[in-house]
Structure formats: C-alpha cells, structure tokens
Amino acid sequence: MNVWDPSPDRAAAAIVGDALRAVGYTTEAIEELLGDDGPSADLAESVVLERRLPRSAIATTIRLLLLQRPVTTIDAAAALGHDGVDALLGIGLVTADGERLVPRARLVPAEGIYLAFDGFSRGQDDPPGWVSSFTPTAYWLASLTPRRRVERALDIGTGNGAHALLAAAHANHVIATDVNPRALAFTQISAGLNGIENVETRLGSLFEPVAGETFDLITCNAPYVISPERRWQYRDGGLPGDQLSERVVREAALHLADGGHASVLVSWLAESEDDPDERIHEWLEGNGCDAWVLGLSGADPLDHAAGWNEHFTGDPDTMGAALDEWAEYFAALAAGWITEGAVLLRKRDGDHHVVRADPVDEEELEFASDQIERVFAALALVAEEGASAVTEARLMLTDEVRFEQELDRHGEVQETRIVLDEGTCFDFELESETAELLITLDGHTTFDEAVERTARRLELGKREAAELRHDALRVVRELFEQGFFELVRVHA
Ligand SMILES: C[S@@+](CC[C@H](N)C(=O)[O-])C[C@H]1O[C@@H](n2cnc3c(N)ncnc32)[C@H](O)[C@@H]1O
C-alpha cells in the first residue's frame, strides 16, 4: 500500500464536519441502514453492506466514508456539497479518478465525535505508519477515563486523536503526542471535523514532548502489545518485553498534578498465571498514587501470539513460523503469562496509598467515569484510615445498583446477587440477610446501626447477628472499593 500524507488542514476539515452534520452522518443513521454491526464493519463485510444501501445522500456518505467504496463525484456533491467534496480532496481523504471519488481514508462517527484515520487494514500490507480506527481497545480506554472537568489533559500515542478529542470536551487544554507524524495529521483533521480548538499536537516518544509538565488527566493507549516484532507503529512499541508499559505507568505518575487521574492501557509479564500482577505492583510502588489495576485479558504465550497473528490464519506455514518466533521470544523472557489491562491512577497527597486489582470482563465494559470517582474516593479513605474506616463512614448504594434474585420452582430464593449496571458491571453473590443490610445503608446510617436494624427486622439471635456483621463487613469493604457505594460522609 502506498503511503500518503494527509494534510492537517483544520479549516478544510471544519467544512467537511459541517457537511457531515448537515447530512446526518451519525452512528444511529448507520445502524438504521446497516444494522447494529454496521459501524464496526470490516473490509469483507463492507462489500456486502454496500449492496444493502439505498440511493440517498446519507447512503452515499456511508458508502464513501464508512465502507470506503468509490462513489460518483455527482453523488458526493449532492450529499456533501461542492465545498465538502473540495475539502475532502484538499485534505487527501479522497482522490479523484475520472467521474469517481476514491476514498483513501475512513471517517466515522464514534462516541459522539468524528474521527479520520487510514482505510481498512490489509494486514501485512499496512505501511509502518498506518493509523488505526477506533478499535476495541480504544473503546476500553474511552470507557475507563474519568470525565470530570480538568484544566490540562495529555493523550500519549494519540493515533487518530480519539482520546485527546474526547478529553477536549472536559479539559481546557489538551496535548496529544505521537511518534508518527501521520497520526498527528489525522488528529488535527479530526479536531477540525469536530470544531475542536483546544487540542495541541506534539511529535515525540512517550513523555518526551512534555518533559517537566504536569497534567490533571493522562490517557494512553500506546502500543503495549508484547511481541518480538517492530512492524507497525500502532502495534509494536519497539522496547523489549513489557518495558514500554513500565515506562508508561512510571512516567504517568510523575506527570500527574495533585488530584490528577491517569488511565493507561498496558501489558505486563509474569512467570505464571498464579501470580500475574507482581510486576505491576513493582511499577506502582512509592509513586504517590492510589491505583486500580483492571486485568482485561490474560493469556499464555501461545494464545497471546495466536491472537495477535490472526492476520496469518489463512497461511498455516507463516502462522506457524510466527508462533514459533513469538514462543522463543517469551521463553527468553522467562514469561509464562501475559496480562493486558488498564492501570488507573489518582495522585494524592497523603502518607499511605493503595493498589487494588480486579479482573474485568471486556465484553461487559461500559462508561465508568462515575464508578472510577467512587472507587478512588473509597481507596483514599481505606489508604488513610484502614479498612475498618467503612464502619465509621456513611455509605449509600449508588443508583446504578440493582439486586437480582433467582427463585426455585417453589418460589424460594436460591441466589441473591448485587449488580452494578455501569462501568465494569461487576456483580457479587450475597447472603439474603446481607442484601437486607446493604439496603439499610442509606447515607445516614453507620454500618453498626445497619447491622442492628437488620438483625431486629429479621429477628436474629445474638450469634446470628454477629455472623451477619462478620459477613457483611467483608462484603461492604469489597463493594465499597469496587464503586458500589457513594461515600456520603467520611465519619459518623
Ligand atoms: C494502538 S495505537 C492507539 C491509538 C489511539 N490512542 C487509540 O486509542 O485509538 C498506538 C499509537 O501509539 C503511537 N506510538 C507508538 N510508539 C510510540 C511512542 N514511543 N510514543 C508515543 N506514541 C507512540 C503509534 O504511532 C499509535 O498511533
């Protein structure tokens, strides 16, 4: 595939953005015409989906910019206006071929903004500086970023600029960095498409372009994949083992202002699945932050290598050679387990800090901003006052919590679960007495008052009440640190 350089012309991008809004190019419009999977269609699906489109202005737009199929210049002008077409040509997102416009890049709505990036991946043929789409890992990071209002935000390894542009809605100023000039050009184009003016781009590796600066929010989805390869800037970080991830975690903490948050996607190695997080704990030690480590996927070297070499699936010999090369690489690192996940940090002036680690089901992950705020409020309290602080505090279940009960055929309760309907969507099995107690925690009641009231209501004897207290204390501590509770007041 030929490399071409998109022109970072924000003014032209703004014209395209206006044309796209006027034609109604939204995720909903795509889903209406192509179904729920339309927005994430891949190259093979695009050829099929193209044939499902009617003839209309929005269909032309989807055909050209989402499915990356040529359209006639007349149809494009009818959909986006002559100015829109000229702007697309000027930036280089499309080229003219006789009567047709041929797309060179893709431009899609994602998370409420427009993003421009390179066309569909062609696997092996993608050039080293290829800029990827809004990928599933980008979705993880967007979900795991706290969205409080901040002064200064930083996005490292910005790619198409997604996280910088999402941060621009709640930060006064955003700096987006990348080693790939094409990525920064796409970021500027994406900023122009959305009329965003508070994003500055800087070329350079990791934190080098922001030496000595601090931020209230840091996001990073840099190439954390551990591999022996150096092929693509978007995937291969170029440092051995998990060293790129280690640098991201250590340096993010150094660049946080007091009270600042960082959300970074990283991977880390372990000798075996039995103790997968030892290294991440080392990286976090003494960094002045509370940390929440979310393991999103774990694999042994073979599964890890197979997952990242899927593009060879149709070629068993090449795939086999790649798997052998990767296996040798991990053997030399004495690594038997690779975890990919997110590290969330909150810098806090205090004497004690805590690290909490939880596995997360990537399929369940949703927007987690409010949950993250609650988790860090809980971690700060526990760090400074010890786990017993929960008995002193006034807690209340958040609105996003619900209880689920499974009944047997006689209508007897078999199982009670508490479910968080946001963020990590954790759920937790409970004794029914403990569930009763959790409801009693209303933000005015202390833990021990709740035990007393619940015991009275359920007519429990002294020993049963003590058992309830013991079980519920363990559960409340756990749920508190996982963001099921609002911390209404720190002390009784
Ligand atoms: C997996 S892509 C993710 C892009 C974007 N953050 C997202 O979530 O969609 C990784 C990005 O990191 C950039 N990158 C690679 N090595 C880097 C480094 N040492 N410093 C900064 N950026 C880097 C790549 O060029 C690429 O744009």
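This passage describes a three-stranded sheet, the helix packed on it, and one residue of a further helix. The structure is a predicted model, in which local features need pLDDT of at least 70 and side-chain atom pairs count only at pLDDT 80 or more, while totals for chains, interfaces and linings use all residues. Residues are numbered from 1 along each chain as its sequence is written.

Strands of a sheet pair through backbone hydrogen bonds, either parallel or antiparallel. Here, three strands form an open sheet in the order β15-β16-β17, with antiparallel pairing. Strands (E, at least two residues) and helices (H or I, at least four) are DSSP runs, numbered from the N terminus, and two strands pair if DSSP finds at least two bridges between them. Strands β15 (401–407) and β17 (427–430) each have a single partner strand and stand at the edges, so one side of each is left without a neighbour in the sheet. On average, neighbouring strands of this sheet are turned by 25 degrees against each other, direction ignored. Antiparallel strands β15 and β16 (residues 413–420) are joined by seven bridges, and Phe-403 stands opposite Ile-418 in β16.

Helix α15 (residues 432–440) packs on the sheet and touches β15, β16 and β17. The direction of α15 makes about 40 degrees with that of β16; axes are lines fitted to C-alpha atoms, for helices over the stretch in contact, and angles run from 0 to 180 degrees between N-to-C directions.

Asp-471 lies in helix α17 (residues 462–481). Leaving aside neighbours within four places in sequence, Asp-471 is in contact (C-beta atoms, placed from the backbone, within 7 Å) with Glu-431 and Thr-434. Asp-471 and Glu-433 are 38 residues apart in sequence, and their C-alpha atoms are 9.5 Å apart in space.

Definitions and conventions. Contact = placed C-beta atoms within 7 Å.
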